Amino acid sequence: MKTAPALATALALSAATVLTAAGPASSAPSAASDPLERYHRQPLAWAVCQDPQLAAAGAECAALTVPLDYREPRGRTLSLAVSRIRSADPAGRRGILQTNPGGPGERGLGMPVALREQMAPGTAAAYDIVGMDPRGVGASGGLDCGLTRGTWLRSAGTGRAGFEQAWRMAKADADACWNKYPDLLPHLTTRNTARDVDVLRAALGEQRTSFFGQSYGALLGAVYAQLFPQRVDRLVLDSALDPARYGIGAFQDMAGANERALDGFSAWAAPQDAVYRLGSTPAAVRATVEGLVRRAEAAPIAVDGYRLDGALLPVLLAFCQGDDRDNAAYADVLRQLLDAADGKPVQAGPALHELLTVLLAPGPDGGAGLSSTVGILCDDVAMPRSSAWYREAVERSRAAEPVFGPVYNGPTPCASWRSAPLEPPVEVRNAVPALQLHATGDSHAPYQSALALHSRLPGSRLVTVPGRVHTLYLNGYSACAGRAVDAYLSTGVLPAADTVC
């Protein structure tokens with residue numbers, strides 16, 4: 001079972017004003033007119049990567065210098081960790097393929113290794129595949145606010161006390177980051193990361209760049225194409241979100257998507273009642289799950305040395321149902337939790353053990369990942385600041401979204417952020433050619449969000465894959481979608497029309 005970082009998904013870009021894009025690729029700015037010249041022309045000192053997996057794959061690493069604040073390019077700078085796997089066919093090399101795995105807050109230094117393993121050999125050989133830990137993440141000055149949990153997500157439950165606890169914890173996350181990084185935080189934005197992507201392009205001596213992004217990384221790619229349309233070669237956007245829903249709207253969309261995912265799982269599990277004993281009809285399976293959540297809220301479930309309460313159980317369920325290939329593992333997890341709630345001795349399987357660890361004992365890496373996620377998201381877009389707004393949203397969600405509405409409508413650290421974003425989010429609307437991939441049952445990025453982004457990118461083609469999964473290409477979920485990506489990156493030719501695999 002895949003347990004992706006808690007907020008590595010379901011983020012988008014809200015509509016606002018657009019920055020002036022870079023000039024045509026054929027006309028590089030003169031030294032006198034380019035305030036970023038020293039960044040664009042910087043030499044990169046490539047060396048063997050310290051990470052063993054990157055080193056074993058033949059990757060090399062370097063440090064890229066970028067301005068902290070692009071409005072003051074002569075001011076403070078940041079050092080970003082970048083990686084590269086060179087083309088295996090220098091004579092047939094197409095150029096560079098920059099990448100981002102998602103988030104915000106997910107490390108990208110190892111992305112070239114994963115991508116090359118998935119790509120057709122001839123396609124991979126045509127590119128130098130480039131990765132980067134974005135600003136504020138990992139080896140690029142990654143935030144560590146001292147947080148002790150891996151996600152702010154938690155159910156507000158059915159009573160006032162659960163909501164108030166969620167509010168206090170989210171505010172504490174925000175305060176911890178602001179107390180430690182008051183000068184850095186305002187500049188950790190998606191807009192600035194897109195600018196960093198372009199500085200890296202220039203430092204690599206390339207007039208144009210191709211880009212592969214999944215989840216949040218797909219939205220980063222769309223922002224880059226908006227800001228620097230003439231610099232885009234080939235653009236792949238896997239499982240992106242509606243740009244107009246970035247922020248609380250994206251989380252609210254996830255509530256409905258996860259309720260639909262639960263219905264889909266229930267339809268699968270009902271015929272398996274003799275095996276898992278979850279219910280013989282879809283309605284009965286759902287009733288079992290809803291009853292388990294109520295039981296955990298009344299009395300935490302003791303399992304595997306942990307106590308899983310009603311605040312975190314729905315979050316665990318959301319992790320379980322992100323990929324329909326994991327239905328059997330999901331059913332096993334539910335069966336183990338039901339038995340534990342009944343007081344039976346339970347030996348947690350690998351999937352349940354990992355999920356409990358991620359939620360209840362994430363360790364310093366989990367806290368650092370949440371720090372980066374919070375820093376980027378809350379710097380990008382303002383969210384409602386009134387606790388009453390979130391209480392009312394939770395209550396409105398209960399009828400249609402009884403399990404996940406109180407999770408995805410609840411308080412976020414952004415509600416207690418101390419500063420408004422320095423710049424508005426980028427409005428994505430352009431005709432840059434792009435290949436979009438999306439699954440119809442995506443529980444992190446609902447399919448309607450793909451349609452919304454597609455309407456904003458009239459030069460794009462959408463490959464639709466029936467099924468419940470978030471991110472398609474690296475997951476190897478659909479051979480048809482994989483062939484579409486390899487063909488496009490190899491030839492530059494988009495499908496003649498939108499297609500369904």
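This is a short tour of three helices and the contacts between them. The model is predicted, so local features need pLDDT of at least 70 and side-chain atom pairs count only at pLDDT 80 or more, while totals for chains, interfaces and linings use all residues. Residues are numbered from 1 along each chain as its sequence is written, and side-chain values use heavy atoms, without hydrogens and water.

Start by selecting residues 327-341, which form helix 12 (helices are DSSP runs of H or I, at least four residues, numbered from the N terminus). Of its 15 residues, 11 are buried (under 20% relative accessible area, 1.4 Å probe, protein chains only). Among them are Asn327, Arg335 and Asp339. Just after helix 12, pick Gly343: its phi is positive, near 85 degrees.

Next add residues 313-320, helix 11. The axes of helix 11 and helix 12 come within 10 Å and cross at roughly 155 degrees (axes are lines fitted to C-alpha atoms over the stretch in contact; angles run from 0 to 180 degrees between N-to-C directions). The two are therefore roughly antiparallel (over 145 degrees). To see the contact (heavy atoms within 4.5 Å), show Leu313, Leu316, Leu317 and Cys320 in helix 11 against Tyr330, Val333, Leu334 and Leu337 in helix 12.

Finally, select residues 350-360, helix 13, whose axis lies 11 Å from that of helix 11 at an angle of about 125 degrees. That makes helix 11 oblique to helix 13 (outside the ranges under 35, 65 to 115 and over 145 degrees). Here Val315, Leu316, Phe319 and Cys320 of helix 11 meet Leu352, Leu355, Leu356, Val358 and Leu359 of helix 13.

How values were computed:
The expected span of a helix is 1.5 Å times one less than its number of residues. Buried means under 20% relative accessible area, exposed over 50%, partly exposed in between (1.4 Å probe, protein chains only).
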